[in-house]
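Hi there,

Here is the structure I promised to pass on. Have a look at it first, and then read on for what turned up in it.

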Amino acid sequence: MSPTPTDVEHPVTNVDIIVSKGDEKGDITYANPIFFKLAGYTQAELLEKPHSIIRHPDMPKIIFKYLWDTIKSGKDVKAFVKNLCKDGGFYWVFAHVRVATNPDGSFRNYVSTRRGMSAGARAVIEPLYKELLAAEQSGGMDASLPILEAFLKDNGASLDTFNDAMQKIQNS
Ligand SMILES: Cc1cc2nc3c(=O)[nH]c(=O)nc-3n(C[C@H](O)[C@H](O)[C@H](O)COP(=O)(O)O)c2cc1C
């Protein structure tokens, strides 16, 4: 049973770097102390568990679809993520998910490095995600995809330049 969400925000300071690694399925194979501390779980509770254990119900599915489609194709992702803590609270991050390979080029793991989200980004992303989520509640990702594409277009971007658009928003 996942925790019942509350409106208690757990602050991410601008020195925090929250790191986790995942296998092909996205199960957590490593995380740094701040990851566990923020989420409010022990290592034993999170290791070998899917990253979706900290998925917040406010997160639109289309963002995770973009994430998985992109990392499965070997490319990095930059995306804003709201995560759910064990106590029902939440924290927002700007995540950079990379695909790490072994010296022979084979898959090693996925690595997510997260920093706090800027205030400028919060003002833009929170309403966007609300809109995407509302669309998904009635029409699924068929309904949220055109909204995401229109948002990117308004920002002079497209799905192909999603990461650059998100970085720009984080810097705003
Ligand atoms: C390295 C890595 C880090 C991830 N970090 C998060 C995260 O912090 N929060 C999250 O909700 N999903 C994260 N995900 C995505 C999850 O695997 C999952 O797709 C997402 O939570 C949506 O859940 P669902 O696929 O069950 O719908 C991460 C995936 C990878 C590979």
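To start with a small puzzle: does Val93 count as buried or exposed, going by its C-beta neighbours inside 10 Å? Please keep in mind that this is a predicted model. Val93 has 21 such neighbours, so it counts as buried, the cut-off being 20 or more. Val93 is found in strand 4, which covers residues 90-101. Setting aside the residues within four places of it in sequence, Val93 is in contact with Val12, Ile18, Val81, Asn83, Arg114, Arg115, Gly116 and Met117. Its C-alpha atom is separated by 6.5 Å from that of Lys82, and those two residues are 11 apart along the chain.

Now the overall picture. The protein chain has 5 helices and 5 strands, and along the sequence they follow the pattern β-β-α-α-α-β-β-β-α-α. Taken along the principal axes, the C-alpha atoms fill a box of roughly 45 × 40 × 30 Å. A compact globule of 172 residues would have a radius of gyration near 16 Å, and the protein chain agrees with that because its own value is 16 Å. Buried residues make up 27% of the 172 residues. Of the contacts with a separation of 6 or more, 55% are between residues 24 or more positions apart.

You will probably want to look at the ligand next. There are 17 residues around the ligand, and those that come nearest are Gly26, His51, Ser52, Arg55 and Ser112. Two or more residues of this shell are given by each of strand 1 (18-22), helix 3 (61-72), strand 3 (77-84) and strand 5 (107-116). Helix 3 has the largest share, with 3 residues. Sorted by class, the shell has 9 nonpolar, 7 polar and 1 charged residues.

Helix 3 also packs against another helix. Its axis and that of helix 4 (residues 119-154) come within 8 Å and cross at roughly 45 degrees, which means that helix 3 is oblique to helix 4. On the helix 3 side, the contact is made by Lys61, Ile62 and Lys65. Helix 4 brings Leu132, Glu136, Met141, Ser144, Leu145 and Leu148 to it. The residues of this contact divide into 5 nonpolar, 1 polar and 3 charged.

Helix 4 has a second partner in helix 5 (residues 162-171): the two pack at an angle of about 145 degrees, with their axes 9 Å apart. Here Ala121, Val124, Ile125 and Leu152 of helix 4 meet Phe162, Ala165, Ile169 and Gln170 of helix 5. This contact has 7 nonpolar residues, 1 polar residue and no charged residues.

Ala121 deserves a closer look. It sits in helix 4 and is buried, because 20 other C-beta atoms lie within 10 Å. Apart from its neighbours within four places in sequence, Ala121 is in contact with Phe80, Phe94, Ile169, Gln170 and Ser172. Ala121 and Ser172 are 51 residues apart in sequence, yet 6.6 Å apart in space, C-alpha to C-alpha.

What does Ser118 touch, not counting residues up to four places away in sequence? The answer is Gln170 and Ser172. Ser118 lies in the loop between strand 5 and helix 4, and it counts as partly exposed because it has 18 C-beta neighbours inside 10 Å. The C-alpha atoms of Ser118 and Asp160 are separated by 23 Å, with their positions 42 residues apart along the chain.

One last residue to click on is Glu48, in the loop between helix 2 (43-46) and helix 3. Most residues other than glycine have a negative phi. Glu48 is not a glycine, but its phi is positive, at about 70 degrees. With 9 C-beta neighbours inside 10 Å, Glu48 counts as exposed.

Happy browsing, and do write back with any questions!

Best wishes

Definitions and conventions
Residues numbered from 1 in each chain as written. Predicted model: local features only at pLDDT ≥ 70, side-chain atom pairs only at ≥ 80, totals over all residues. Near = placed C-beta within 6 Å. Helix = DSSP H or I, 4+ residues; strand = E, 2+ residues; numbered from the N terminus. Nonpolar A, V, L, I, M, F, W, Y, C, P; charged D, E, K, R; others polar. Axes fitted to C-alpha atoms, helices over the stretch in contact; angles between N-to-C directions. Parallel < 35°, antiparallel > 145°, perpendicular 65-115°, else oblique. Contact = placed C-beta atoms within 7 Å. Rg over C-alpha atoms; globule rule 2.2 N^0.38 Å. Buried ≥ 20, exposed ≤ 12 C-beta atoms within 10 Å, placed from the backbone.
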